[in-house]
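Hi there,

Here is the structure I promised to pass on to you. Have a look at it first, and then read on for what I found in it.

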Amino acid sequence: MTGEYAVAVHALVYLYHRGTTVSSEVLAKNICTNPARVRKVMAKLKRGGLVTTREGSEGGYRLAVAAEQVDLRQIAQAVGATFVQCNWHSGGEDIHCQVASGMAGVMDGICDDLNQRCLQRLEQITLEDISQKIKSRPQAAEDRA
């Protein structure tokens, strides 16, 4: 999983919580990252139909879909997130050994299967679910003030 996915989920839950148009600067402050990174992720979410944008001094981003209709798989697809992948392969297809020549393909298949299982599970979790989990947590003292 990449940081983009975490930024995307955080931003969308925050937009839902606020219920209004929010600038990249405000989002970045809440996410604890920089506005340029937020804008990069939000562009992908806009292309995915999950947010709308407004330009100008009152501009920013707004959730385009009801929170209970947005699942975490949709967000993953919008930002191109992959959860399980093999970044390095042992062996080699050109080696004359059954194990060495076949291991990369087998590991890729396992990773693809695990990634699909992750996506299937993420279909079961909505932005509303995430928001409810956050609301059920005890608030920090400064939040109660």
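This is a predicted model, and the chain averages a pLDDT of 90. Of the residues, 95% score at least 70. Confidence is highest in helix α3 (residues 35-47), with a mean of 97, and lowest in helix α7 (residues 141-144), where the mean is 53.

Let me start with helix α1, which covers residues 3-18. At 1.5 Å a residue, its 16 residues should span 22 Å, and the end C-alpha atoms are indeed 22 Å apart, so the two values agree. Many of the residues in α1 are buried, including Y5, V7, A8, V9, A11 and L12. V13, Y14 and L15 are also among the buried residues of this helix. Right after α1 comes G19, with a positive phi near 70 degrees.

Now to the interior. The largest nonpolar core holds 34 residues. Which of them have the most contacts inside this core? They are Y5, L12, L15, L27, M42, L45 and I75. At least two residues of the core come from each of α1, α2, α3, β2 (60-63), α4 (72-79), α5 and α6 (127-136). Helix α1 supplies the largest share, with 9 residues.

Next, the charged pairs: the count comes to 5 salt bridges. In one of them, the side chains of E4 and K40 meet, with N to O at 3.6 Å. E4 sits in helix α1 and K40 in helix α3, so this pair ties together parts of the chain that are 36 residues apart in sequence. Is E4 buried or exposed? Its relative accessible area is 13%, and because buried means under 20%, E4 counts as buried. E4 also forms a salt bridge with K44, where the closest N and O atoms are 2.8 Å apart. This second pair again links distant parts, from E4 in helix α1 to K44 in helix α3, 40 residues apart.

A further salt bridge joins E25 and R39, the closest N and O atoms being 3.7 Å apart. E25 belongs to helix α2 and R39 to helix α3, so the pair connects parts that lie 14 residues apart in sequence. Both partners are partly exposed: E25 has a relative accessible area of 47%, and R39 has one of 38%. As for E4, K40 and K44, salt bridges that share partners join these residues into one network.

One backbone detail may interest you as well. C32 has a positive phi of about 70 degrees, although it is not a glycine. This residue lies in the loop between α2 (24-31) and α3. With a relative accessibility of 69%, C32 counts as exposed, because the cut-off for that is over 50%.

Finally, the surface. V99, M103, V106, M107, I110 and L114 form a nonpolar patch there. Together these residues have about 470 Å² of accessible area. V106, one of the patch residues, lies in helix α5, which covers residues 98-122.

To pull the threads together: helix α1 gives the core its largest share of residues, and E4 in that same helix has salt-bridge partners in K40 and K44.

Happy exploring, and best wishes!

Terms used. Residues numbered from 1 in each chain as written. Predicted model: local features only at pLDDT ≥ 70, side-chain atom pairs only at ≥ 80, totals over all residues. Heavy atoms only, no water. Patch = residues over 30% accessible without salt bridge, like charges linked within 9 Å, V, L, I, M, F, W, Y side chains within 5 Å. Areas by Shrake-Rupley, 256 points an atom, 1.4 Å probe, with all protein chains shown as cover. Salt bridge = Lys/Arg side-chain N within 4 Å of Asp/Glu carboxyl O. Helix = DSSP H or I, 4+ residues; strand = E, 2+ residues; numbered from the N terminus. Expected span 1.5 Å × (residues − 1). Buried < 20%, exposed > 50% of the residue type's maximum accessible area, 1.4 Å probe, protein only. pLDDT = per-residue confidence, 0-100. Core = buried A, V, L, I, M, F, W, Y, C linked by side-chain atoms within 4.5 Å.
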